[in-house]
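Visitor: I've just opened this one and don't know where to look. Could you walk me through it with a few questions?

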Amino acid sequence: MSFTDHANNPFASLSPAVWRASTVVFDTFEDFVARKARQPDGYSYGITGTPTARGLEQRIATLENARHCVVTPSGQSALMTAVMGFVRGGDHLLVSDSCYGALKSFASNWLAKMGVDVEFYPPTIDAGIEQLIKPNTKMICLEAPGTVTMEMQDIQVITAIARQYGVMTMMDNTWASPLYFRPLDHGVDLSIEAATKLFGGHSDLLMGSISMNDSGYYDILRETQSILGQATSPEDCFLVQRGLETFELRLTQQSRTALQVAQWLEAQPQVQQVLFPALPSHPGHEIWRKQFTGNGCLFSIILQPASEAAFGAFFNALQHLPIGASWGGTHSLIAYYPASQQQSRAYSPTDQPIVRLAIGLEDPAWLIEDLQRALDGYAAFLG
Ligand SMILES: Cc1ncc(COP(=O)(O)O)c(C=O)c1O
């Protein structure tokens, strides 16, 4: 819609209108009876969104090079809705062991108990996925790089095999965002973003999106959204549209700072390993270089082994960096993932504690100064 398209934008505003509605009314009896036929794009009830949601969905679809998009109330709800739309009891579901934790919990604590054959696979399995496909395999869940441990997956190799066997693929693409990787262009069926992170960009809302090309999948997901009650707030849709205005600028700057901070950390004696695919030292660097066009703002580090008290000293020495588990906003964040979390996984690349850094828009020197303080606090505990 153009700003001067007065028929659709009579106020000629630069920003989208916030349409609030639970109910849609109909001109005639016939219209009311036929209301379901208005889906998946049209409006028959507020649960599947108002024009504010539809405007955002179109904008995300353009970013993803997708024909369709459905927004949902959180990133996790997008992941769950994508699976619930297609997977039923008796189906086999393959989930990367480094997928977002709540998706894994949903698969093992709910789906497996509802008769779905859930199997976690090694994130770096790539062509080996073929050996795991069964006649009843319905979907493969991907995420690259993986949550916290940052393993890269060869998306093109996995999707080519999945297509050969008629298996659907969905990918959590939040880390790269469509700016640096467009899953649908690489054969993925459903591209999921936690819009909470980079799209929203200001740590003040939760939202998710599912983008796709297949119109049949779109019908199913719009219906699934409705059946599961996944209504998205029009105000939040407005805020994500506003976040998207600066998305590219923010991510470009945040990615630059992230690389600078990661390179600095890699040179520090207290740091054993930096888990960031953009660094040549990362085992997935070649896949990242081949398939992705940018590095994003989120990476993890493994420190030299020390007691939990050393991690306490590290975190409590920080004066600027807020401790928190999310990412993608303008403020940097730092989070701790204890060894037990990695040890409880079937295929973790490490059994050590992990510190994860989400880089915001601050001056890199200011971040490095704070991290130096934390590393000094940690060093006191090393032999
Ligand atoms: C990679 C990734 N996917 C999905 C999610 C879930 O998003 P939300 O918090 O909006 O449910 C997160 C949130 O931490 C995430 O980091």
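**A first walk through the model**

Visitor: Let's start with V148: buried or exposed?
Guide: Buried means under 20% relative accessible area, exposed means over 50%, and partly exposed is in between (1.4 Å probe, protein chains only). V148 has a relative accessible area of 4%, so the word for V148 is buried.

Visitor: Before we go on, what kind of model is this?
Guide: Residues are numbered from 1 along each chain as its sequence is written, and side-chain values use heavy atoms, with hydrogens and water left out. Local features need pLDDT of at least 70, side-chain atom pairs count only at pLDDT 80 or more, and totals for chains, interfaces and linings use all residues, since the model is predicted.

Visitor: Back to V148, then. What is its phi value near?
Guide: V148 sits in the loop between β4 and α6 (helices are DSSP runs of H or I with at least four residues, strands are E runs of at least two, and both are numbered from the N terminus). V148 is not a glycine, yet its phi is positive, near 70°.

Visitor: The loop between β4 (137-143) and α6 (155-164) also holds P145. Which residue comes before P145 in a cis peptide bond?
Guide: Omega for that bond is near -10°. The bond is cis, and it runs into P145 from A144.

Visitor: How is the chain divided, and how many ångströms separate the domain centres?
Guide: The chain is split into domain 1 (29-242) and domain 2 (247-379), with bounds from an automatic or database domain assignment. The contact between them takes 37 residues from domain 1 and 40 from domain 2, where contact means heavy atoms within 4.5 Å. Taken over C-alpha atoms, the separation of the two centres is 27 Å.

Visitor: Which helix gives the largest share of the largest nonpolar core?
Guide: A nonpolar core is a set of buried Ala, Val, Leu, Ile, Met, Phe, Trp, Tyr and Cys residues joined through side-chain atoms within 4.5 Å. The largest one has 82 residues, and I140, L265, F299 and F314 have the most contacts inside it. With 10 residues from 234-266, the largest share comes from helix α9.

Visitor: From which domains does this core draw at least three residues each?
Guide: In general, nonpolar side chains tend to be buried together in soluble globular proteins. Here, the core draws at least three residues from each of domain 1 and domain 2.

Visitor: How many residues are in the second core?
Guide: The second core is separate, and L79, F86, M170 and Y217 are included in it. Its count of residues is 27.

Visitor: L79 came up there. What is its relative accessible area?
Guide: L79 lies in helix α3 (residues 75-84). Beyond its neighbours within four places in sequence, L79 is in contact with Y100, L103, M170, D172 and I192. L79 counts as buried because its relative accessible area is 2%.

Visitor: Now for the ligand: which residue has a polar side-chain atom 2.6 Å from a ligand nitrogen?
Guide: 14 residues surround the ligand, with G75, Q76, D172, T196 and K197 the closest (a residue is near when one of its heavy atoms lies within 4 Å). A backbone N or O atom of G75 is 2.7 Å from a ligand oxygen, and a polar backbone atom of Q76 is 2.8 Å from an oxygen of the ligand. At 2.6 Å from a ligand nitrogen, the polar side-chain atom belongs to D172.

Visitor: What percentage of the ligand's accessible area does the protein cover?
Guide: Accessible areas come from the Shrake-Rupley method with a 1.4 Å probe, and for residues only the protein chains shown count as cover. On its own the ligand has 390 Å² of accessible area, and the protein covers 91%.

Visitor: Last stop, N173. Which residue's backbone oxygen lies 2.9 Å from its side chain?
Guide: N173 is in the loop between β5 (168-172) and α7 (177-180), and it counts as buried because its relative accessible area is 0%. A polar contact is a pair of N or O atoms within 3.5 Å; within protein, one must be able to donate a hydrogen and the other to accept it, and residues adjacent in sequence count only if both atoms are side-chain atoms. For a polar atom of the N173 side chain, the backbone oxygen at 2.9 Å is that of F181.
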